[in-house]
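Reader: I've got a model open and I'd like to learn how to read a few of its features. Could you walk me through them?

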Amino acid sequence: MGAQKKRAAAAAAAARVSEDPDDLARQPLQAILLADSFTTKFRPITLERPKVLLPLVNVPMINYTLAWLEAAGVAEVFVFCCAHSKQVIDYLENSEWFSQPNFTVKTIESHNIISAGDALRLIYEQNVIHGDFVLISGDTVSNMSLTQALQEHKERKKKDNNAVMTMIIKKSKPSPITRQSRLGTDELFMAIDPNTKQLLYYEDKADHSKGTICLDKMLLAENPSISLHNDKQDCYIDICSPEVLSLFTDNFDYQHLRRHFVKGLLLDDIMGYKIFTHEIHSSYAARIDNYRSYDIVSKDIIQRWTYPYVPDVKFCGNRATKLERRGICFTAFNSEIEQSRSAQVGSFTVIGYGTKIGSNSKISDSVIGEGCTIGSNVLIEGSYIWDNVIIEDGCELRHVIVCDGVIMKAGAVLKPGVVLSFKVVIGERFVVPAYSKVSLLQQPTVHDSDEELEYADNSSGTVEFSSIQGTADQSNGEMTSESSEAHKPKLGTGGVGYIWSICEGGQEEEWRHSVAPIPEDKLTELSEAMDDDQELVTQDRTALSTSGELISDSNASEGDDNEDSKDDSVYFEKEVEATFLRAVEENVKVDHVILEVNSLRLSYNMTSADCAGAVFYSMMKLAIKTPHSSASELQQNTANIITTWQKLLKSYLLEIDEEIEIILKFEEMCLESAKEFSPLFARILHILYDKDILQEDAILRWADEKEGADESDKVFVRQSEKFIQWLREASEEED
Amino acid sequence: MVAHGRQCKIEGSQATARQTAELLRSVISQQRVPYTNQAGALIDAVKAVGEQLIAANPVELAVGNIVRRVLHIIREEDLSLTTAAIGELNLSAVSDDENDDDRDGNTTLSAAAVAAAARSTLRPPSLQTLLEDTPVSAAVPQTSSSGAADKSSRSRKLKHDVIEAVNELIQDIVTCHEQIAEQAVEHIHQNEVILTLGSSRTVSEFLFAAKEKKRSFRVFVAEGAPRYQGHLLAKELVARGLQTTLITDSAVFAMISRVNMVIVGAHAVMANGGVIAPVGMNLVALAAQKHAVPFVVLAGSHKLCPLYPHNPEVLLNELRSPSELLDFGEFSDCMDFGSGSGSPLLHVVNPAFDYVPPKLVSLFITDAGGHNPSYMYRLIADYYSADDLVVQRRAIAGN
């Protein structure tokens, strides 16, 4: 290891000497910096301030990214602003980034963009990218040298025009217990060709409960050797060729860079575009994706892994700090702080300019911003306190994030994982429960899990904020009464703010992404669960060996596929339903609806049977939603709708299979979502037959199929027995 | 001003020093000189820029040194002009029958000579000035305002002279390696064994110069962890045909008994003769002292710092990235803050410099010759004026 390390260092030193700046200078390198993460992980803070301007060790995150881009030899950066774009642009205009020689920063602003894909499509339209570019998001901290990666990318590009992207990866072992990386992201599986470094497989949402991942067999057939890694971390720094932008434009459904674009390219073997990886060893790169990575990256910065982007080196208008020795470790101090003699400031702490610390207060492993006032007997541990925060005597803060302008009254306690957003006031001796998020803004009502809606909501956050802040400033009393009205617990006497209820993931998942270390009991719980799993697995194996029966792998993968497609089909059904309802409301022509449903079908990769099912489902849904008083009226409604839209439905009924699918769907509906139909099953079947939507063959085959089924499944066959009988006779007569 | 974007991007104090001097030269040439108190204006301008430069990277002492040198140059030139003018006035005032030769001789005296003369009158004479054969004829400057007529020409002359002197300074910085290397033959003898640590351009030039003068000697190179610049030095030495042995830093003590002289480079030389040098140097110095091996430090005059070291291990040190020591990915599981108390059990500290106290240094070789550590403060007094030790604008209100 030692020798190897030394060689690496010597090589690095040699590279530094031989580094040829001409190569980079020939074509000025461009970069696209997305100043919006298009997620909601940093809520409630990001409702009021864009993520890229959140301070990371007292410097707004975007400065780390820009400083790195400048140092890496990028000549021109396009900063794409979306949510809170005005704040970002104002900040950049007042910073020194606009006045750098040899480094231009340009902003591109758009408000109706909801994903990275849309952003890149917009940039493509503007036609500003002329050569290879670096794609990065504004919350990335790195100190790597791009020279080598860029060189490799260019050489590959020369040989193979399809090598459009180089992804930077870094070694980082995920925890075997929690199944997440140290940055709090999900365990990532990558298959890489060890020789060419080509990326063959990328999966960040592997299902751990199953304990399996599935690789396409073709991968193995085409590539003699594959190394499968789970100890790589995606740095979210990509070197892209200009083709990438046009790819985004061609595939208008690409939204997410990884989930859609990377996976899309890997699956799509028609165009043959290839993605390669570049692994960095000694340099640092990480993206701040959630609160945990905020914590981890902050600590990495304080521990100087990101050198030279550390608090005591001036890199972007930050005030110079000086280090002081605490034991063997170092603490960064600003020269002008007022600190009581009895206050204890521990190691790995950064304290901002003009902060006052009272007597007997203990601070360790924390970052404290500028102009804060900390009372006496305060305990601060592993916390991130931003600017102008007032913490009165006797407060306790452990592993929390406290935003600008927060006031904590005497004796208040923040349990681990708490996030206090801007200007919240915590009442005297109030204990904020663990993992809660407190904001002056009320929690937006949770939409369905459609991510796009959340994105859209993100950008409208500013408006919401300005209106609510007005009320917040009026008077504290009013605010507290308001908060108590809103069924939220008050924040103690004189407290201002709402505690957000924990959303979707629930308490269960909160610990994964919070700033607090993972609690001990969670770890033991998980490791026990894992032990159980392992026992199960071994039991399975022994069972297998004794019975001598082998479960084929295909079985497992099929299960996985089903799972996936089930997910997809749910989304698909929803989309189709929405389209259909809109069509009904707006009187869209049938042809147009067919067109729209077809495009949905292509984007979700569905069969026409699925479409037929979905369309039929939405029609029935509509029928049941139309007001009706009796069963006969419902039947009448259904008949009307079917008559109006039969053309639409028929366009998907190409074969008998699709028709059977409709019957099955209907049966399912009657059993589950729309029980009102169940008494009408036979009659509606008849209507469908009358309208030529279903052929008799289909109905008969359905009946035959059901012959062998359980009694419970046969309910509807029974119900329509007469009808089926009649059909059979009719067909016999014909014969 | 292009002053901001230069943090941590220039490697090596010589390059930094040269660029600083060049930048200050352009500042001076762009500065519009007012009618009165031109020197004050120049000093103000230089200090303003200098302050920013120093703040940009407080650890690189060469920047501050050059700023102070330039300030010193301005003061000296101003003083020499004043003395010259006063001398002129005095001479013309005292008597007319003073012959013209004397006058011409007086005015055409080099600025440096006059400055040296003025210095000798203002300060306790340094060894160098005593040795210099200067006519100490200049009259003691009197506080009489010189004629306004020649002021404008004087101001232009001042600026011109200062730029000339700064050019000389830049020249000095560029050629410091050669000037130091010239002395190599006096120090390195036939069949000696030299030990050095890490890589320094001054040291390599020094060794090459000795080699060129047909001295045959052997070099032990300690590799200089964690940056391993010793490897590069060894490569260069071998390319020049020198017998080279590469050892680890930790083997220095074992090898020192076979060494005749330790020759190393420095990051900065402090006013007390202490040395800020790449990490590991203190170890070498202690080993050398133990075995009574001369410990010679090579330093260009731009590395002489007029400050006294206070808490140099921390304040004048730079903590570099821990990734030079170990691979982050390899140890990422040791660095998991997510479990336990939230602070990692593994800390990696990578200081860039060591402080070698003056008593361990046998000899300094600068471009002005060899000096004892205890003589450093006199050398520094030659290069810097005491007013500039603190480069902060508010301190110069009285100027």
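Author: Sure, starting with burial: in chain A, 52% of the 735 residues are buried (buried means under 20% relative accessible area, exposed over 50%, partly exposed in between, with a 1.4 Å probe and protein chains only). Keep in mind that this is a predicted model, where local features need pLDDT of at least 70, side-chain atom pairs count only at pLDDT 80 or more, and totals for chains, interfaces and linings use all residues. Residues are numbered from 1 along each chain as its sequence is written, chains are lettered from A and ligands numbered from 1 in the order in which they are written, and side-chain values use heavy atoms, leaving out hydrogens and water.

Reader: How many helices and strands does chain A have?

Author: Chain A comes to 24 helices and 35 strands. These are DSSP runs numbered from the N terminus, helices being H or I with at least four residues and strands E with at least two.

Reader: How do I describe two packed helices?

Author: You use the angle between their axes and the distance between the axes. Here, helix 18 (residues 608-625) of chain A packs on helix 20 (residues 656-671) of chain A at about 40°, the axes being 9 Å apart. Axes are lines fitted to C-alpha atoms, for helices over the stretch in contact, and angles run from 0 to 180 degrees between N-to-C directions. The pair is therefore oblique (under 35 degrees is roughly parallel, over 145 roughly antiparallel, 65 to 115 roughly perpendicular, the rest oblique).

Reader: Which residues of helix 18 and helix 20 of chain A make the contact?

Author: Contact means heavy atoms within 4.5 Å. Helix 18 of chain A brings residues including Phe616(A), Tyr617(A) and Met620(A), while helix 20 of chain A brings, among others, Ile662(A), Phe666(A) and Met669(A).

Reader: Now a single residue: is Asp234(A) buried or exposed?

Author: Asp234(A) is buried, at 6% relative accessible area, and it lies in strand 12 (residues 232-240) of chain A. For its partners, look for polar contacts: pairs of N or O atoms within 3.5 Å; within protein, one must be able to donate a hydrogen and the other to accept it, and residues adjacent in sequence count only if both atoms are side-chain atoms. The side chains of Asp234(A) and Arg258(A) are joined by one of 2.4 Å, and the Asp234(A) side chain also reaches the backbone nitrogen of Tyr236(A) at 3.0 Å.

Reader: And where does Ile86(B) lie?

Author: Ile86(B) lies in helix 3 (residues 61-94) of chain B, and is buried at 5% relative accessible area.
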